[in-house]
Amino acid sequence: MMALIPWSGATDWTDGVTETLEWQTSILQSPTGAEQRIARRLTPRRTFELTTVAAGAERRAFENWLARAGSMVWAMPVWPDVVPLPADYAAGASTIHIPTAGRDFTAGDDVLLLTQPGWLAVSEVRTLSAVSPDSLSFTVPLSQNWQAGALVYPLRPAVLTDPPGLTRRGALMLAQVRFRLVSGNTNAAAQPDTLYRGWPVIEHAPDFSEDLSAEYQRLVMELDNRVGIPHRNDTAGRPFLAMQHTWSVSGRAEQQALRALFYSLRGRQRAVWIAGDPGDLLPVSGLNAGYIDVRYCALSDSAVAGELPGRQDVVITLADGRHLYRRVLRAVRLNSTTERLTLDGVGDAVPLSELASVSWLTLSRLNDDAVTWQHVTDADGLATVSVIFRGVTA
């Protein structure tokens with residue numbers, strides 16, 4: 001059992017709880033854009049940011065604990081993984097029956113039982129001897145009675161990264177808190193099942209409820225002797241598309257699957273295929289054995305289709321949700337409104353009425369080692385995740 005002080009303060013869920021997973025990747029990049037990416041951490045660092053509230057006697061208790069143990073290692077509840085007791089349990093019980101799938105319960109670690117969030121609430125900490133999908137077993141039986149509705153949290157050792165900023169509003173006090181876990185943060189890793197040209201494909205369509213950013217980055221070297229005209233050289237000779245991708249995931253199963261995806265990417269180390277905007281290309285004919293006609297967009301004029309990374313591969317989404325992946329070999333202008341894309345691969349013809357969208361497909365990696373989750377509620381509810389993917393060379 002951890003000989004630590006459990007953090008039992010009430011969380012203000014108005015702005016949710018922000019969780020950040022942060023890997024560390026060393027990237028060795030050549031002038032052509034080729035990369036060697038090395039993961040430096042076995043598991044990501046994990047931080048939680050939130051606002052805690054207290055008033056009256058709760059406020060005084062919180063400040064006393066903060067003054068005494070502010071720099072110590074705390075036993076931090078994993079707030080998104082809270083679960084209420086579904087039934088009463090008497091003192092002496094060594095097993096409680098609650099759903100544990102998708103929650104951070106691990107044999108050998110501790111759990112916190114709490115009547116309600118608050119520094120003066122009744123609490124009890126127990127070490128887990130076993131975890132099953134529908135129960136937790138303790139090394140030492142419960143010492144008191146617990147009623148249905150009491151809260152059960154996984155506990156993790158964590159430190160406050162900074163002294164909490166306190167705001168007093170009369171008898172009410174708010175504190176901005178940021179914890180960093182001081183243990184390993186393992187999780188099952190699972191890459192997408194779909195592979196295209198040897199790399200996994202993220203088939204999730206981004207959440208377009210808010211504006212998404214994009215930028216065509218280049219490796220430009222400028223030589224300037226401060227006398228003559230500066231010389232610019234695009235050493236890679238290609239753009240590296242950096243585009244935002246956002247998830248809005250609801251429910252513990254979806255959140256766990258997304259977490260497994262990010263653990264498989266290991267920060268910036270591993271590459272995946274990312275689809276662009278559903279309106280990248282507008283089909284005007286069905287998909288035939290070796291080509292598709294799209295509305296004119298200057299592909300044939302610029303001579304980049306099939307030659308430039310980011311303009312080589314497409315994902316064709318069908319009305320029934322299936323995805324077809326093809327490489328563009330060339331683009332030819334048929335008339336003032338239509339271009340024909342010659343594709344590799346052979347497959348059944350698909351009529352225009354069954355085509356939902358045609359998007360460019362870009363081999364990419366995460367642009368940053370940090371992935372931030374905004375927990376709007378606990379993980380049975382809603383969370384949002386927004387990241388930037390950056391194009392890489394094959």
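**Helix α1**

I began with the outward side of α1, where the exposed residues N64, A67 and R68 sit on the face turned away from the buried side of the helix. I note at the outset that I am reading a predicted model, so every entry here describes that prediction.

I then listed the buried residues of α1, and found R59, A61, F62, L66 and A69 among them. Looking down the helix axis, I saw that these buried residues fall within an arc of 165°, so they line one face of α1.

I checked the length of α1 as well: the helix takes in residues 57-69, 13 residues in total, and from its first C-alpha to its last it reaches 18 Å, close to the 18 Å expected at 1.5 Å a residue.

What covers the buried residues of α1? I found that the cover includes β1 (5-6), β6 (45-55) and β7 (74-77), together with β13 (151-160), β14 (165-169) and β15 (172-181).

**Strand β7**

Since β7 is included in that cover, I followed this strand next. Its side chains go two ways, W74 and M76 pointing to one side and A75 and P77 to the other, and all of them are buried. I recall that in a regular strand the side chains alternate between the two faces of the sheet.

Which strands pair with β7, and in what sense? I found that β1 pairs with β7 in the parallel sense, over two bridges, whereas β13 runs antiparallel to β7 and is joined to it by four bridges. A75 appears in both pairings: A75 is the bridge partner of P6, and A75 also stands opposite P157 in β13.

**Helix α2**

I turned to α2, whose 14 residues should span 20 Å at 1.5 Å a residue, and whose end C-alpha atoms are indeed 20 Å apart, which agrees. How many residues of α2 are buried? I counted ten of the 14, so I entered the helix as mostly covered, because a residue is called buried when its relative accessible area is under 20%. The buried ones are R252, Q255 and L258, followed by R259, A260, L261, F262, Y263, S264 and L265.

I looked at two of these residues in detail. L258, within α2 (residues 252-265), has a relative accessible area of 5% and is therefore buried. Leaving out residues up to four places away in sequence, I found L258 touching W247, V249, W373 and V385. I also took the separation between the C-alpha atoms of L258 and A236, which lie 22 residues apart along the chain, and it came to 33 Å.

S264, likewise in α2, is buried with a relative accessible area of 7%. The side chain of S264 reaches the backbone oxygen of L261 at 2.5 Å. Beyond its neighbours within four places in sequence, S264 is in contact with A189, A190, Q191 and R270.

**Positive phi at R266 and R197**

I paused at the residue after α2, namely R266, whose phi is positive, near 55°. I flagged this because most residues other than glycine have a negative phi. R266 lies in the loop between α2 and β22 (272-275), and with a relative accessibility of 23% I counted R266 as partly exposed.

Where is R197? I placed this residue in the loop between β16 (195-196) and β17 (199-202). The phi of R197 is also positive, near 55°, in a residue other than glycine, and at 40% relative accessibility R197 counts as partly exposed.

**T246 in strand β21**

My last entry concerns T246, which lies in strand β21 (residues 240-250). Is T246 buried or exposed? At a relative accessible area of 13%, I recorded T246 as buried. Its side chain makes a polar contact of 3.3 Å with the side chain of S386. Setting aside neighbours within four places in sequence, I found T246 in contact with H204, P206, D207 and L212, as well as with V385 and S386. I noted V385 again here, because this residue is in contact with T246 and is also touched by the buried L258 of α2.

Note on methods: Residues numbered from 1 in each chain as written. Predicted model: local features only at pLDDT ≥ 70, side-chain atom pairs only at ≥ 80, totals over all residues. Heavy atoms only, no water. Buried < 20%, exposed > 50% of the residue type's maximum accessible area, 1.4 Å probe, protein only. Contact = heavy atoms within 4.5 Å. Polar contact = N/O pair within 3.5 Å; in protein donor to acceptor, adjacent residues only side chain to side chain. Expected span 1.5 Å × (residues − 1). Arc of directions from axis to C-beta. Pairing = 2+ DSSP bridges.
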